[in-house]
Amino acid sequence: MKLNELQLSALTEISNVGLGHAATALSTMMSKDIQIDVPNLDSVPISAVDRYFESPESEIVGVYLPFDGEVNGNLACLFDWPSAVNLWENLLGSAPETAADVDELYASVMLEVGNILTGNFLNAIADMTNLRMLATPP
């Protein structure tokens, strides 16, 4: 689906508010200031997501959250590998060296971070639009 300029602008503003709520939640979790930039919104097929990372072969960590209600959809919280390592180090004091080293604890922490970020993002959008959106477990 191709979005026009007005639709992209409205979604960018809603996303900015949602990301602000998500960053506040992450900042509270980490007891650190979190800075975000105004999001750059684009409508692309899932097969094109890799173009937003350093290279198509880059390792990423992602949390996928379906939601339903008056609006159905999916949210994904994607981190490049260095960002994921940074989160783990800040939250746990350690991080896996490679993706093969991600154990149950590291996966659980990332699922919780993704759940908090996407949940706060979704709640902000639902509040702004007065649409009921219910997240399912990531």
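Helices and strands here are DSSP runs, numbered from the N terminus, where a helix has at least four residues and a strand at least two. Keep in mind that you're working with a predicted model.

**Exercise 1. Two residues with an unusual backbone angle**

Task: Find where Asn-130 sits, work out whether Asn-130 is buried or exposed, and then do the job again for Ser-31.

Solution:
- Step 1. Start with what to expect: most residues other than glycine have a negative phi.
- Step 2. Now check Asn-130: its phi is near 60°, a positive value, and it isn't a glycine.
- Step 3. Look for its place, and you'll land in the loop between α3 and β3 (133-135).
- Step 4. Exposed means over 50% relative accessible area. Asn-130 has 66% relative accessibility, so it counts as exposed.
- Step 5. Ser-31 isn't a glycine either, yet it has a positive phi of about 55°. You'll find Ser-31 in the loop between α1 (5-30) and β1. With a relative accessible area of 68%, Ser-31 is exposed.

**Exercise 2. Putting the sheet together**

Task: Which strands does β1 pair with, β2 on one hand and β3 on the other, and how many bridges join each pair?

Solution:
- Step 1. Take strand β1 (residues 60-69) and follow it to β2: eight bridges join them, and the two run antiparallel.
- Step 2. Check what links them: β1 and β2 make a hairpin, with three residues in between. Glu-70 is in that loop between β1 and β2. Its relative accessible area is 52%, so Glu-70 is exposed.
- Step 3. Pick out some partners. Gly-62 has Leu-78 in β2 as its bridge partner, and Tyr-64 stands opposite Ala-76 in β2.
- Step 4. Now go to β3: three bridges join it to β1, again in an antiparallel arrangement. Here the bridge partner of Asp-68 is Leu-134 in β3.

**Exercise 3. Two faces of one strand**

Task: Sort the residues of strand β2 (residues 73-80) into a covered face and an uncovered one.

Solution:
- Step 1. Recall the pattern: side chains in a regular strand alternate between the two faces of the sheet.
- Step 2. Go along β2 and collect the covered face: Gly-73, Leu-75, Cys-77 and Phe-79.
- Step 3. Then collect the uncovered face of β2: Asn-74, Ala-76, Leu-78 and Asp-80.

**Exercise 4. Far along the chain, but how far in space?**

Task: What C-alpha distance separates Ser-15 from Ile-125, His-21 from Gly-119, Val-85 from Tyr-52, and Glu-70 from Ile-116?

Solution:
- Step 1. Begin with Ser-15 in helix α1. At 9% relative accessibility, it counts as buried. Ser-15 and Ile-125 are 110 residues apart along the chain, and their C-alpha atoms are 7.5 Å apart.
- Step 2. Stay in helix α1 for His-21, which is partly exposed with a relative accessible area of 40%. From His-21 to Gly-119 you count 98 residues in sequence, and the C-alpha to C-alpha distance is 9.5 Å.
- Step 3. Move to Val-85 in helix α2. It has a relative accessible area of 15%, so it's buried. Its C-alpha is 18 Å from that of Tyr-52, with their positions 33 residues apart along the chain.
- Step 4. Finish with Glu-70 and Ile-116: they're 46 residues apart along the chain, and 21 Å separates their C-alpha atoms.

**Exercise 5. A charged patch**

Task: Which residues gather in the patch of negative charge on the surface, and where does Asp-101 lie?

Solution:
- Step 1. List the members of the patch: Glu-97, Asp-101, Asp-103 and Glu-104.
- Step 2. Zoom in on Asp-101, and you'll see it in the loop between α2 (81-92) and α3 (104-129).
- Step 3. Patch members need over 30% relative accessible area. Asp-101 has 39%, and that makes it partly exposed.

Methods
Residues numbered from 1 in each chain as written. Predicted model: local features only at pLDDT ≥ 70, side-chain atom pairs only at ≥ 80, totals over all residues. Heavy atoms only, no water. Patch = residues over 30% accessible without salt bridge, like charges linked within 9 Å, V, L, I, M, F, W, Y side chains within 5 Å. Areas by Shrake-Rupley, 256 points an atom, 1.4 Å probe, with all protein chains shown as cover. Salt bridge = Lys/Arg side-chain N within 4 Å of Asp/Glu carboxyl O. Lys, Arg positive; Asp, Glu negative; His and termini not counted. Charge placed at Lys NZ, Arg CZ, Asp CG, Glu CD. Buried < 20%, exposed > 50% of the residue type's maximum accessible area, 1.4 Å probe, protein only. Pairing = 2+ DSSP bridges.
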